[in-house]
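Please load the model in your viewer and keep the selection panel open, since each stop on this tour begins with something to select.

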Amino acid sequence: MQTIIRALTAAWHAGAQPQRPALRRLLPAAALAALSLSWPVPTATAAETAPVTSPRVTTTLISSRDAVVPGERFRVALVQKLAPHWHTYWRNPGDSGEPTQIQWTLPAGAGAGEIAWPAPRAIPVDPLVNFGFEGTVVLPVEISVPQDAKPGDSLPLTAKATWLVCEKVCVPEEGSFALTLPVAAVSQPDAAAEQAIDAALAALPKPAGFRGTLKAEGDRLSLALPGLPADSRDLRFFPFSDTLIDHAGEQTFAPGPPPALLLTRSGAFKLDGGEISGVLTFQQNGEKRALTLSADADPALATQAAAGALPGAGPSSPAVVRIPMPIEGSDLTLLAALAFAFAGGLILNLMPCVLPVLFIKALGFAQTAHRSRAETREQGLLFLGGVLLTFMVLAGAVIGLGALGASVGWGFQLQSPPLVIGLAVVMVLIGFNLIGGFEFGSSVTGLGDGLARSGGRLGAFMTGVLAVVVATPCTAPFMGAAMGYAVTQAPAVALWVFIALALGFALPVVALSFAPGLLRLLPKPGRWMLVMKQAFAFPMFATAIWLIWVAAVQTGPDGMLAALVAVLTAGFVVWLVGVTRGSRPRRVFGAALAALVVLGAGWFTVRNAIPNATGEARANDVQAWTPERVAALQAQGKPVFVNFTAAWCITCLANERVALSRQEVKDSFARLGVSYLKGDWTNRDSRIAQALAEQGRAGVPLYLFYPGRRDAQPEILPQLLTPDMVIAAAERAAGKEARTAATLP
């Protein structure tokens with residue numbers, strides 16, 4: 001550019017031909033335009049790449065040199081300017097997240113060092129704590145120029161960076177950056193970039209100048225700091241290892257002597273060798289300081305850690321689970337988890353698997369609405385009791401099996417084909433009872449007529465039980481976050497979450513039982529009651545058909561046969577009990593024959609209800625999920641969509657019909673090269689259960705979109721999908737989100 005300016009200026013002073021005065025008038029303007037072009041503008045230069053931008057972060061690569069000399073060592077830096085409230089992660093990201101990573105492509109003889117990490121800050125995302133950065137982050141890296149480079153050559157630097165940027169949700173991002181620096185006889189610094197990088201280097205944690213000592217103190221760790229400057233306050237230790245301390249645990253300063261920092265030991269505590277390292281941050285005389293600190297582990301502590309003899313560090317101690325973001329509810333407090341559980345239980349009443357049972361309860365209220373307010377309230381409270389008891393049984397099973405090492409979640413009982421078949425039989429019997437195929441006596445109204453006529457207390461209670469049982473195939477919004485939180489907490493906390501879910505689920509029926517004004521709006525009992533009673537039989541039959549289909553998916557044709565035999569047996573036994581009423585010998589004969597039939601059919605059903613389904617996806621364009629398959633596809637640069645589902649999950653099936661099977665979604669997957677994997681949890685699968693737990697989930701559905709790069713963390717989609725939502729997530733995973741070259745703000 002300077003050459004152009006000099007040429008234009010020389011032409012002006014030399015004069016122009018008289019017959020071309022317009023050129024003389026244009027030359028000053030051209031010189032001025034050229035001068036303006038030489039002024040710094042927001043575009044890529046030799047020392048700075050064009051930025052990669054998103055609504056969350058603007059990232060660029062800068063160099064402290066405009067030209068380098070052979071054998072020189074200089075610094076470049078990845079600069080990230082984050083939008084307010086968003087953050088990226090340190091080398092040890094804490095309880096969740098992933099650190100920024102850079103992969104270099106350099107000419108032979110050139111080298112790139114590790115990222116020089118600034119001191120992090122603790123970023124609380126209750127109940128977790130992450131370690132990372134907000135605002136502007138400068139990550140310096142040392143580059144070495146080949147010794148055999150010659151002036152006149154060039155040094156191409158190509159970097160591919162990946163980072164996770166988070167607020168309430170996390171978005172994995174990436175960018176490619178290229179700088180080409182000329183090799184000259186004299187190194188030429190870039191003043192602005194060098195100043196920014198030097199400032200970042202000056203702010204890096206300094207060597208502590210003393211060694212600490214780490215020892216056990218009760219169930220905590222004591223980090224002695226014998227050389228800590230006087231008047232230090234607001235101390236925090238950030239270990240390089242993520243298996244040393246509980247990142248969210250309290251760090252308490254003990255003034256000593258010697259001064260020490262009391263730390264909460266990690267549930268997955270492990271020592272790599274006899275020392276630990278990390279960064280110690282504190283304030284002294286109003287200034288923030290950071291030191292890189294190494295500490296010797298007390299030999300007794302190291303021995304105990306190796307033997308697993310630390311208090312609470314045995315096999316039963318909970319391991320640290322890195323929770324990839326975004327996680328619906330990953331930042332929940334107990335109060336928020338209770339609110340989410342209550343809301344999820346309330347919404348669960350609208351799910352198709354629950355509505356038939358609630359219709360029956362409403363019919364029962366209609367029968368008593370014009371008779372006794374006290375009886376109606378009693379019915380509502382008994383329904384609540386059935387709901388609470390069943391939820392407590394489910395909670396006890398989830399908590400107890402989890403303590404024994406089994407991975408279970410919401411709806412786990414429907415992974416047992418015999419239980420699915422048994423529930424289908426109950427639905428068929430209820431349906432035939434409602435339609436008038438048979439009548440039970442008042443002594444056994446619990447599962448039959450009492451469900452339709454709320455005159456029996458046992459019937460009201462069993463309606464609550466049955467409502468919960470048939471609700472388990474469904475997962476309402478907010479439930480996934482609350483259940484994921486519950487299964488990671490202590491039993492008492494998890495129990496409260498289940499209670500909140502039960503109260504939300506029971507609220508509409510209980511509220512209706514205590515609202516006599518609403519009940520009086522119903523017509524008086526009459527023929528319409530019989531018609532409605534019979535009509536409600538058909539949702540029962542539909543539910544039974546669906547459950548038999550679930551059993552067939554779980555076990556194949558033999559399971560279908562077992563389910564039909566079970567239904568036939570139940571019908572025969574009900575008929576047999578009816579026709580053998582009367583004298584005692586007839587009743588005994590009927591009961592004995594019924595017992596033999598039930599035993600024989602039960603043996604046949606259990607024998608054939610053995611899962612033979614492999615969980616493989618049935619569609620030609622869908623592959624079976626395995627963690628290895630995800631890793632292999634990412635290594636090939638392919639974005640991956642994972643659908644964790646189950647045949648008994650109504651929400652899963654609805655999402656497949658509404659969103660995942662739509663042609664526009666299939667077209668977008670084909671256009672973007674998305675690989676579709678399905679994790680079928682219809683039958684119990686410990687690997688899928690573990691994958692759900694790693695994402696903070698206790699059940700299905702769960703939808704993950706992995707970017708097409710090695711080890712990149714997934715984006716979690718909501719539990720209710722739309723085609724546009726899936727397509728947008730596919731474009732993000734494929735790296736198609738708009739990125740424009742713009743200067744750093």
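Begin by selecting L346, which sits in helix α5; helices here are DSSP runs of H or I with at least four residues and strands are runs of E with at least two, numbered from the N terminus. This is a predicted model, in which local features need pLDDT of at least 70 and side-chain atom pairs count only at pLDDT 80 or more, while totals for chains, interfaces and linings use all residues. Residues are numbered from 1 along each chain as its sequence is written, and side-chain values use heavy atoms, with hydrogens and water left out.

L346 is partly exposed, at a relative accessible area of 35% (buried is under 20%, exposed over 50%, partly exposed in between, with a 1.4 Å probe and protein chains only).

Next, add F342, L503 and L507 to the selection: together with L346 they make a nonpolar surface patch of about 300 Å². Color α5 (334-348) and α12 (491-513), each of which supplies at least two residues of that patch. Patch residues have over 30% relative accessible area and no salt bridge, with nonpolar side chains (Val, Leu, Ile, Met, Phe, Trp, Tyr) joined within 5 Å and like charges within 9 Å; a salt bridge is a side-chain nitrogen of Lys or Arg within 4 Å of a carboxyl oxygen of Asp or Glu. Areas come from the Shrake-Rupley method with a 1.4 Å probe, and for residues only the protein chains shown count as cover.

Finally, zoom out to the whole protein chain, which has 22 helices and 26 strands, and in which buried residues make up 48% of the 745 residues. Its accessible surface comes to about 33,800 Å², with 61% belonging to carbon and sulfur atoms.
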